[in-house]
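Colleague: I'm new to reading protein models, so could you walk me through this one? I'll ask, and you reason it out.

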Amino acid sequence: MISVLPITIGVLVAGGVYLMLQRGMVRIIFGLALLSHSANLMLLTIGVTAWRGEPLVDRMDVATAADPLPQAFVLTAIVITLAVTVLMLALAVIGHNDDTKRMPSTGEFHDR
Amino acid sequence: MNANMLPLFVVIPLLASALAIMIRGPIPQRILMIGSPVLTSLGGLWLLFEHRDTPVLADNVGAFPAGVSIPLISDTFTALMIFVTSATVAIALWFLTQTGEDRFRFIPALSLMLIAGVNGALLTGDLFNLFVFVEVMLLPSYALIAITGTWRRLGIGRLFVVVNLTTSTILLVGVGFVYASAGTVNLAELAGAAQESPSVSLAISVVLLSLAIKAGVVPVHGWLPRAYPATSAGIMALFSAVHTKVALYAIYRIYSVTFEGAAPWSTVLVVVVAATILIGAYSTFGEHIMRRALAWQMVSGVGHILIGLALFTQFSIAAGIFYMVHHIITMGSLILTSGAIEQTYGSGRYERLAGLARRDPWVSAVYALSLFSLVGFPPSAGFFAKIGLVQASASAGAWQAWTFITVIIVAAIGSLIASQKLWSGVFWGPQMENYRPDSPRAGRGRRVPLPKDVKVSARLAAPGATLMLAQLAIFIFAGAVLPVMLRAATALTDVQPYVEAVLG
């Protein structure tokens with residue numbers, strides 16, 4: 001049971017890095033999503049080395065409850081990654097076409 | 001100032017940001033946009049005076065017991081950074097009002113959010129909270145980098161987002177490692193932990209690596225000279241004042257608190273810092289666009305600032321902090337003046353500009369004095385900043401002294417020649433014949449003959465000139481400024497008061 005999380009993390013990192021090295025923006029986004037999932041799982045393994053009880057005061061003995069702090073970390077990290085992923089998907093739609101070498105004619109001049 | 005007022009540095013810009021979305025008129029938005037950083041900057045100044053008597057102010061937010069709560073901590077270093085970054089941000093935003101960019105929807109709100117994140121990241125004493133505030137700082141930046149943009153800026157926005165999200169993931173993993181190995185992410189509880197335990201040292205190193213990417217230290221600097229010059233000058237000045245500097249501040253703080261002295265691997269730091277200085281300075285040669293050249297100089301400046309940490313004596317840290325303050329102000333001045341020139345003549349390329357020394361003598365004088373500061377000539381703050389670094393190196397161990405003094409001087413020669421290339425391209429030579437006037441619809445208009453009366457207007461040049469005067473003031477009052485830097489350095493070399501203030 002203990003080796004499940006590390007193996008999952010390894011697979012996620014490998015897939016994430018592979019996808020991030022691709023050209024298309026959408027693949028890079030999927031790669032980043034995998035990578036951030038692996039980071040979240042890594043945070044979970046910090047507090048949970050085996051399956052433990054819910055960290056609720058009064059309901060659970062402290063000795064058997066999980067560490068709530070990494071769970072709070074993960075929650076925060078998930079929210080941030082979600083927001084950035086949405087923004088990146090928007091950039092993928094409105095930015096360059098992935099293989100375009102020339103600028104589209106938008107009426108702008110590019111002479112910095 | 002009461003320690004309970006520290007959260008106001010985050011709360012005021014955030015509230016102003018919310019108000020700036022609801023209130024749409026140009027005047028109230030400008031008041032909010034420039035007023036808030038001015039207010040936090042004055043707050044920083046007040047804190048600076050406060051810290052002469054009480055070295056550390058700590059507030060456990062939400063009145064949770066110490067050790068459980070997230071602390072906001074201010075000492076001389078924090079206060080100095082808040083003062084300088086907020087003031088520079090205010091001036092960069094002033095420039096945005098002059099180019100009309102602040103009339104883009106959401107620019108006031110986003111830049112205020114940015115300030116909230118910056119102040120939070122400077123004040124927080126908790127590693128995970130640092131990650132959150134860095135994200136609060138970055139999220140508006142993702143929008144700001146492309147919002148005033150042309151098509152090209154969207155592409156750069158992609159690069160910026162991808163690099164920063166990857167880096168943030170590494171930072172998050174590093175913070176997780178710290179929690180796993182040390183059992184806490186409270187910086188005060190981590191004091192000296194990395195010196196005692198190799199696993200904590202490794203975990204802290206992962207955190208420092210991610211911050212080094214955000215700062216633009218050499219093997220991982222590639223994104224900075226690509227991303228920054230591609231946005232508009234006002235936004236670049238905003239970013240250069242806060243992003244890399246917050247990362248550098250965090251590196252200084254985390255390194256000095258967790259290692260309580262030099263790290264076992266500080267030799268690596270020496271090599272990396274020397275490479276950063278040289279590569280930044282000599283890569284400037286390859287550029288033909290003003291702000292791209294400046295971006296490489298920013299990389300070089302990051303290296304100079306980190307010398308303070310690589311040597312780790314009280315004087316070297318003070319010199320590093322002095323360099324950081326000088327660098328924020330000088331870079332702001334150069335970027336904003338370049339922006340004023342670009343806005344007026346429609347290009348920042350050396351070969352498209354010529355003869356500005358005769359056409360705009362005042363702007364040229366401002367630019368020249370700022371370039372002096374960049375290279376390290378008197379009369380400028382850069383002169384004392386470089387002297388300080390050389391002196392600090394000279395008093396360090398033998399081989400570090402040789403390395404750093406050589407690197408600083410060789411890099412200064414490189415920067416000097418690269419600045420001369422910029423100067424002879426832009427400011428000397430025959431008068432230009434045509435230019436691209438600013439166009440509200442297309443960004444830049446078509447190339448047309450340049451009339452005699454088109455000059456860089458005083459209102460566009462004023463923000464850059466103000467920052468240039470600020471660095472001249474540092475040159476003149478260096479004697480009054482240096483004790484502040486020394487006190488800031490003491491806060492880093494002796495972390496005991498910091499720990500006591502937080503943990504009680």
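What follows is a chat about the helices, loops and core of this model.

Modeller: Before we start, this is a predicted model, where local features need pLDDT of at least 70 and side-chain atom pairs count only at pLDDT 80 or more, while totals for chains, interfaces and linings use all residues. Residues are numbered from 1 along each chain as its sequence is written, and chains are lettered from A and ligands numbered from 1 in the order in which they are written.

Colleague: Okay, chain A then. What pattern does chain A follow along the sequence?

Modeller: Helices here are DSSP runs of H or I with at least four residues, strands are E runs of at least two, and both are numbered from the N terminus. Chain A has three helices and zero strands. Read along the sequence, that gives the pattern α-α-α.

Colleague: What percentage of the residues of chain A count as buried?

Modeller: A residue is buried if 20 or more other C-beta atoms lie within 10 Å of its own, exposed if 12 or fewer, and partly exposed in between, with C-beta atoms placed from the backbone. Chain A has 112 residues, and the buried share of them is 26%.

Colleague: On to chain B. Is H4(B) roughly parallel or antiparallel to H5(B)?

Modeller: Two packed helices are described by the angle between their axes and the distance between the axes. Axes are lines fitted to C-alpha atoms, for helices over the stretch in contact, and angles run from 0 to 180 degrees between N-to-C directions. Helix H4 (residues 107-123) and helix H5 (residues 127-147) of chain B pack at about 155 degrees, with axes 8 Å apart. Angles under 35 degrees count as roughly parallel, over 145 as roughly antiparallel, 65 to 115 as roughly perpendicular and the rest as oblique, so H4(B) and H5(B) are roughly antiparallel.

Colleague: How many nonpolar residues does the contact of H4(B) with H5(B) have?

Modeller: Two residues are in contact if their C-beta atoms, placed from the backbone, lie within 7 Å; here they include Leu110(B) and Leu114(B) of H4(B) and Phe133(B) and Met137(B) of H5(B). Ala, Val, Leu, Ile, Met, Phe, Trp, Tyr, Cys and Pro count as nonpolar, Asp, Glu, Lys and Arg as charged, and the others, Gly among them, as polar. In this contact four residues are polar and none is charged, and the nonpolar ones number 16.

Colleague: Is the crossing of H15(B) and H17(B) left-handed or right-handed?

Modeller: The axes of H15(B) and H17(B) come within 9 Å and cross at roughly 160 degrees, so H15(B) is roughly antiparallel to H17(B). A crossing is left-handed if the near helix is turned anticlockwise from the far one by less than a right angle, and right-handed if clockwise. For H15(B) passing H17(B), the crossing is right-handed.

Colleague: Now the core. Which helix gives the most to the largest nonpolar core?

Modeller: A nonpolar core is a set of buried Ala, Val, Leu, Ile, Met, Phe, Trp, Tyr and Cys residues joined through C-beta atoms within 7 Å. The largest one has 217 residues, and Val178(B) and Ile251(B) have the most contacts inside it. With 19 residues, the helix that gives the most is H10(B).

Colleague: Any odd backbone spots? Is Phe312(B) buried or exposed?

Modeller: Most residues other than glycine have a negative phi, and most peptide bonds are trans. Phe312(B) has a positive phi of about 50 degrees although it is not a glycine, and it is found in the loop between helix H12 (290-311) and helix H13 (314-345) of chain B. Because it has 21 C-beta neighbours inside 10 Å, Phe312(B) counts as buried.

Colleague: And Thr313(B), which residues does it touch?

Modeller: Thr313(B) lies in the loop between H12 and H13 of chain B. It is partly exposed because 17 other C-beta atoms lie within 10 Å. Not counting residues up to four places away in sequence, Thr313(B) touches Ala392(B), Ser395(B) and Ala396(B).

Colleague: Last one: which peptide bond is cis?

Modeller: Look in the loop between helix H15 (361-375) and helix H16 (381-394) of chain B, where Pro379(B) is found. With omega near -5 degrees, the cis bond runs from Pro378(B) to Pro379(B).
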